[in-house]
Amino acid sequence: MLPSRFMTRLNTFARDLRASMRLTADVKSRFRLSMDFAFSKLIGLVPKSQRNLVREVRLCGDIKIRYRLNKGDLHSIREIWFQEVYRLPFNGPSGVLLDLGANIGMTSVWLAKKFSFTQVIAVEPDPNNAALVRQNLELNGITGQVLEAAVGPKEGTARFDPSELSNLGRLSEDGSLLVPMISMDTIIKKFAVKSFALIKIDIEGGEQDLFDGPTEWLARTDAIIIEFHPTVDHFRIIGMVSSHGFKHIPAHSLIPENMDCFTRVI
């Protein structure tokens, strides 16, 4: 009998392969994405010079995405395009989308193609990731601005600890990269935002400091979708956001993989 860990990996790859076949728009893209998921299982055998080369594939619906042969990028594709973890359990929003922790822009593109956003604001502290956010927005004709910064409770600078896995970089006192930190108030003023139709938050534990800081921006927000990380007191955040007139919709309540959501009670 094969070990359960091996079977789990085999089943995951089989699902990735089926999703790659289903979602790509042409043979070349199908082959490229499928092979990259295969290579990601053996990433240690791939020369380092090849691991972060940018590739481009076409998805169904006249969508193009750029990513690297990096487990973090491929995990983002799996979560967002295959599992649809940002599927919303309420009527489609329209207006300004704010993507906090944009990574390489997969969520921004997915949401912008699904809903009628008039503007996308993407915030990402990792310069290499931010470059791909810009490319992915431009490739898909999405009106958007990219802020190369971390979001936090106040203005200043912060130390960012990049990760070999592109989706796991985080703020840390020991971080090797000094990055700007901007507040929600600055984002509102910089882009003259009257209200956010949706704020997506995936900032690797930084959500605790964000919600412990000034929260006036919640009054300008219609809905939030958020990934809570183990280091935060998510019960306290849920209680605080709910006290500002939001209904909490728990993770996994729509589909097995969907994130926690908040929608304003009218």
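Is H252 buried or exposed? At 55% relative accessibility, H252 counts as exposed, because the cut-off for that label is over 50%. Keep in mind as you look around that this is a predicted model.

**How sure is the predictor?**

The chain averages a pLDDT of 92, and 95% of the residues score at least 70. Confidence isn't even along the chain, though: helix α3 (residues 48–51) has the lowest mean, 72, while strand β10 (residues 198–201) has the highest, 98.

**Helix α4 and its surroundings**

Let's start with α4. Here 10 of the 12 residues are buried, so the helix is largely enclosed by the rest of the structure. Among those buried residues are L74, I77, I80, W81 and F82, but also charged-looking names such as D73, R78 and E79. At the start of α4, a side-chain oxygen of N70 comes within 2.7 Å of the backbone nitrogen of G72. Just past the other end of α4 you'll find E84, with a positive phi of about 55°.

W81 is a good residue to click on. Setting aside neighbours within four places in sequence, W81 is in contact with L23, L59, I63, I65, S76, M106, V109 and W110.

**Two nonpolar cores**

In soluble globular proteins, nonpolar side chains tend to be buried together. The largest nonpolar core in this model has 42 residues, and W81 is one of those touching the most other members, along with I65, Y67, I77, Y86 and L198. Several elements supply at least two residues each to this core, including α2, α4, β1 (54–59), β2 (63–68) and β11. Another core lies apart from that one; it has 32 residues, including M184, L210, W217 and V232.

**Rings meeting rings, and charges over rings**

How many aromatic pairs does a search of the whole structure find? It finds 3. Two of them are set out here.

| Pair | Arrangement | Centre to centre | Angle between planes |
|---|---|---|---|
| F37 and F82 | tilted | 5.4 Å | 40° |
| F115 and F117 | edge-to-face | 6.3 Å | 80° |

The F37 and F82 pair links distant parts of the chain: F37 belongs to helix α2 (residues 27–40) and F82 to helix α4 (residues 71–82), 45 residues apart. F37 is buried, with a relative accessible area of 1%, and F82 counts as buried too, at 14%. In the other pair, F117 is buried at 14%, whereas F115 counts as partly exposed at 22%. Why does F115 miss the buried label? Because buried means under 20%, and F115 has 22%.

Some rings have a charge over them instead. The charged end of K190 sits over the ring of F191, 5.9 Å from its centre. R264 lies over the face of F246, at 4.2 Å from the ring centre.

**A few spots in the loops**

Back to H252, which lies in the loop between β12 (246–249) and β13 (260–264). Its phi is near 70°, a positive value in a residue other than glycine. E204 isn't a glycine either, and has a positive phi of about 50°. You'll find E204 in the loop between β10 and α8.

One last stop is T215, in the loop between α8 (207–212) and β11 (223–226). Which label does T215 get? T215 counts as buried, because its relative accessibility of 16% falls under the 20% cut-off. Leaving out neighbours within four places in sequence, T215 is in contact with M240 and H244.

Notes:
Residues are numbered from 1 along each chain as its sequence is written. Side-chain values use heavy atoms; hydrogens and water are left out. pLDDT is the predictor's confidence in each residue, from 0 to 100. Helices (H or I, at least four residues) and strands (E, at least two) are DSSP runs, numbered from the N terminus. Buried means under 20% relative accessible area, exposed over 50%, partly exposed in between (1.4 Å probe, protein chains only). Contact means heavy atoms within 4.5 Å. Rings of Phe, Tyr and Trp (its six-membered ring) pair if their centres lie within 6.5 Å; planes under 30 degrees apart count as stacked, over 60 as edge-to-face and the rest as tilted. A charge sits over a ring if NZ of Lys or CZ of Arg is within 6 Å of the ring centre and within 35 degrees of the ring normal. A polar contact is a pair of N or O atoms within 3.5 Å; within protein, one must be able to donate a hydrogen and the other to accept it, and residues adjacent in sequence count only if both atoms are side-chain atoms. A nonpolar core is a set of buried Ala, Val, Leu, Ile, Met, Phe, Trp, Tyr and Cys residues joined through side-chain atoms within 4.5 Å.
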